Every structure is written in C-alpha cells, then in structure tokens.
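Please look over the chain below before reading the briefing, which covers its fold, its surface and its core in turn.

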Amino acid sequence: QVQLVESGGGLVQPGGSLRLSCAASGRTFSTYHMGWFRQVPGKEREFVAFIGTTGIIKYYVDFVKGRFTISRDNTKNTVHLQMNNLNPEDTAVYYCAARSRWSASDYYEKVQYDYWGQGTQVTVSS
C-alpha cells in the first residue's frame with residue numbers, strides 16, 4: 001500500500017516555474033514506478049511524466065519535453081516535478097501516481113497505475 005500526497009501547486013505567471021512534490025508513505029516506495037498526470041475540467045486525465053524505480057528511466061509527453069523534469073528520492077519517499085517556462089495550457093490539477101508493474105510502452109496509461117494522490121492545482125495566468 002502506498003499513500004500519496006501532492007503539494008506545491010499554485011498560481012504562477014506565464015514563463016514562471018513551479019516545483020510539485022509528492023510525498024509517499026509505505027516501506028515499499030522504492031519498488032514503485034511513479035508518474036505525474038494532469039486533468040482539466042471536461043477532459044480525460046492525461047499523462048505528463050514517468051520515472052522508474054531507480055530514477056534512471058524517464059519519459060515525458062511531448063508538450064512538456066525540455067520544460068518539465070521528473071525526479072525522485074527513494075531515501076525520502078518523494079517524487080518531484082520541476083516545471084519551467086509554464087504556459088496557460090499547463091493549467092490543470094496535477095496528480096501523482098504509483099504503479100508496481102514496469103513497462104516500456106504503457107507508462108502513459110492511467111489504468112496501469114495502482115495508487116493516486118488527491119491532486120494539486122496549477123494555474124498559469126497573467
């Protein structure tokens with residue numbers, strides 16, 4: 001069992017930065033692959049970034065490549081999403097998620113994730 005709590009969201013101007021954090025409980029955190037997803041009203045929750053158990057393997061959706069960085073610290077049971085050069089289209093509720101099964105192909109599928117946090121709101125506006 002992994003419990004996830006996101007934090008770090010807020011209001012930021014276009015071009016600004018935010019660093020989201022996800023605190024995980026459980027002794028088995030280091031065995032879980034982690035992902036960040038986001039969702040806006042009326043749309044499906046969409047994949048943003050993935051990081052494997054060791055932090056070596058990372059995947060990003062195309063529209064955040066070069067702007068967002070996912071990282072984790074297994075000694076502190078945390079995963080982060082550094083978001084730079086934010087634009088209004090990044091406005092969404094961001095969710096942290098955990099999965100036990102490794103995949104090199106379905107990392108973007110939300111159904112593959114076992115646990116979800118409550119979400120943190122990110123609003124990008126001038």
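What share of the 126 residues in the protein chain is buried? Buried residues, meaning those under 20% relative accessible area with a 1.4 Å probe and protein chains only, make up 45% of the chain. This is a predicted model, in which local features need pLDDT of at least 70 and side-chain atom pairs count only at pLDDT 80 or more, while totals for chains, interfaces and linings use all residues. Residues are numbered from 1 along each chain as its sequence is written, and side-chain values use heavy atoms, with hydrogens and water left out.

**Fold**
- The protein chain holds 11 strands and 0 helices, where strands are DSSP runs of E with at least two residues and helices are runs of H or I with at least four.
- Of the contacts (heavy atoms within 4.5 Å) between residues at least 6 apart in sequence, 59% join residues at least 24 apart.

**Surface**
- The accessible surface, computed by the Shrake-Rupley method with a 1.4 Å probe, comes to about 6,400 Å², and 49% of that belongs to carbon and sulfur atoms.

**Core**
- The largest nonpolar core, a set of buried Ala, Val, Leu, Ile, Met, Phe, Trp, Tyr and Cys residues joined through side-chain atoms within 4.5 Å, has 35 residues, of which M34, W36, L81, M83 and Y94 touch the most other members.
- Strands that each supply at least two residues of this core include β4 (33-39), β8 (78-83) and β9 (92-99).
- Leaving aside residues up to four places away in sequence, Y94 touches twelve residues' worth of neighbours listed here in part, among them W36, L81, M83 and V122.

Terms used:
Buried means under 20% relative accessible area, exposed over 50%, partly exposed in between (1.4 Å probe, protein chains only).
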